[in-house]
Amino acid sequence: MLKKLLVANRGEIAVRIIRAAQDLGIPTVAVYSAADAGSLHVQLADEAVNIGPPAAKKSYLNVEAILKAARDTGCDSVHPGYGFLAENAAFSDAITGAGLVFVGPSGDAIRMMGDKVSARSAAAAAGVPVVPGSAGRVDGLEAGREVLAETGFPVMIKAAAGGGGRGIRIADSLAEFEQAFPQAETEALAAFGDGGLYMEKVVGQARHIEVQVLADGSDAIHCYERECSLQRRRQKVWEEAPSRALSDRLREELCASAVALAKAVKYSGAGTVEYLYDDEADRFYFIEMNTRIQVEHPVTEAITGIDLVAEMLRIAGGEKLRIRQGDVSVKGHAIEVRLNAEDPAKEFAPFPGQVAELRIPGGPGVRFDSMLFQGYQVPPFYDSLLAKLIVHAETREAAIVRLIRALNELRIGGLKTTKPLFLALAADPAVRIGDVHTRWLEGWLIENAAALAG
Amino acid sequence: MAQILSPLPGTFYRSASPDQPPYKADGDAVSAGDVIGLIEVMKSFHEVRAETAGTNIRFITDNEDPIMAGAPIADLD
């Protein structure tokens, strides 16, 4: 068991991790920037250390300051949360190099999954279906032409060192391809210092479905899937589990492929294997593996009854997986919505400010993960996530009804939040029957701009 | 002398990205509508523009400093 845990994060996820550690009897140390001195994670942790000024680069991303805080407080372990340093291989290496335990996978595993080409190769080698495309880096235009037989048009030319939507070009014809390929090479070299490219078929309308895995370095299990198709600018806003789009047969196949990948790379901790699911073709394709706990993990906890963060801490403490695959079963349906400090009436403009009033929803099947309290001053320096509202019910239909009930109970005074968006989405016929894809919300937002403004 | 005030709370940047030169150096002339910096609010970036012209801008707020809405960014003659 871990002896003392430093939580290298802030906001709701720091609170979530502190709670899991305290439930296991592990003392916790919070770190905070000058802007977060009064925040909830600082209040709840057993100790707290100021690691620098408000800018994340000088505090939450400052590896030296975090290592010093861990040493000074006698911690034996560090949990990175999500965002900030969570998928920074050098950070994992630095923690391990300092003789501490990193709650997550090794630096090598993070590096392998962080490089798009090596992740894709690892997935293909483990038998996970990948989007049709090049086996690895494409060595020049001539080799690229050969890959076109696999992909057809439109085809995506992607920078191996890219990510987050950067370094992507789409070609609709051979002429366009022959023009775009050398340009993409030059651009990738300029932008990332690495001209390496790979190619992928453009998958049309698809859902975003991801599988939660837990692994201990040798064994791995899955905790079923989440569907996160409702996205704005590639950011998930609404997540649910299970996905209603999958047949039982395909669900088993999908989840088994995620376990195969986790085992193949000797993964340790909690991870998520992300896929695109093409409804029409009834096929799924690997996109990437996230080597961290994810924002939307509570929907999986709701339907499986597993405390994923507690399991991460146990595995990091040297325990073998306690849960067998046969013990994991799905009960009911869960939905999470992300309440951000953004004004949906004004193109989601950020809205930092003071929480003047707070009424938190409760009752059966309702969970509210947040760092809010009355009087809290939301700082402008970090991301806009204020709270996650998670509802759980016997069926998807009942979960949506419960979501509306809980949203009506929720009151966050003094700030603009995304609550009106979720009330409108919960009432939408397409959302009600789950007939959505990853680009659906963008179109809906244009059509419903007037309703959100009112 | 006029002051350019921050329209938003957040982090102030003097250039478009770390490897770019600053939009304006101390002593530069400024036309109305010129971008003089960026404010990062909750990971989104907003341009700060000068409302009036001037012959000599002098920054009060440093690159990457936290700033409150209404706080002065620069003096402008």
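So, the contact between the two chains: chain A puts in eleven residues and chain B nine. On the side of chain A that touches chain B, the split is nine nonpolar, one polar and one charged. Keep in mind that this is a predicted model.

Okay, on to the sheet in chain A. What is the strand order? Reading across, you get β3-β2-β1-β4-β5, an open sheet of five strands with parallel pairing. At the edges sit β3, residues 47–52, and β5, residues 101–102, and each of those pairs on one side only. Quick reminder: strands of a sheet pair through backbone hydrogen bonds, either parallel or antiparallel.

Let's look at one pair. Strand β1 of chain A, residues 5–7, runs parallel to β4 of chain A, residues 77–79, and three bridges join them. If you want a spot to click on, A:L6 stands opposite A:V78 in β4(A). Helix α1 of chain A, residues 11–23, packs on this sheet and touches β1, β2 and β4 of chain A. The direction of α1 makes about 165 degrees with that of β2(A).

Now helix α9 of chain A, residues 248–264. We have 17 residues here, and from first C-alpha to last the helix reaches 24 Å, close to the 24 Å expected at 1.5 Å a residue. Which residues of α9(A) are buried? Those are A:R251, A:L254, A:C255, A:S257, A:A258, A:V259, A:L261 and A:A262. And what covers them? The cover includes α6 plus strands β9, β10, β12 and β13, again from chain A. Then, just after α9(A), A:K266 takes a positive phi of about 50 degrees.

Conventions: Residues numbered from 1 in each chain as written. Chains lettered and ligands numbered in written order. Predicted model: local features only at pLDDT ≥ 70, side-chain atom pairs only at ≥ 80, totals over all residues. Contact = placed C-beta atoms within 7 Å. Nonpolar A, V, L, I, M, F, W, Y, C, P; charged D, E, K, R; others polar. Pairing = 2+ DSSP bridges. Helix = DSSP H or I, 4+ residues; strand = E, 2+ residues; numbered from the N terminus. Axes fitted to C-alpha atoms, helices over the stretch in contact; angles between N-to-C directions. Expected span 1.5 Å × (residues − 1). Buried ≥ 20, exposed ≤ 12 C-beta atoms within 10 Å, placed from the backbone.
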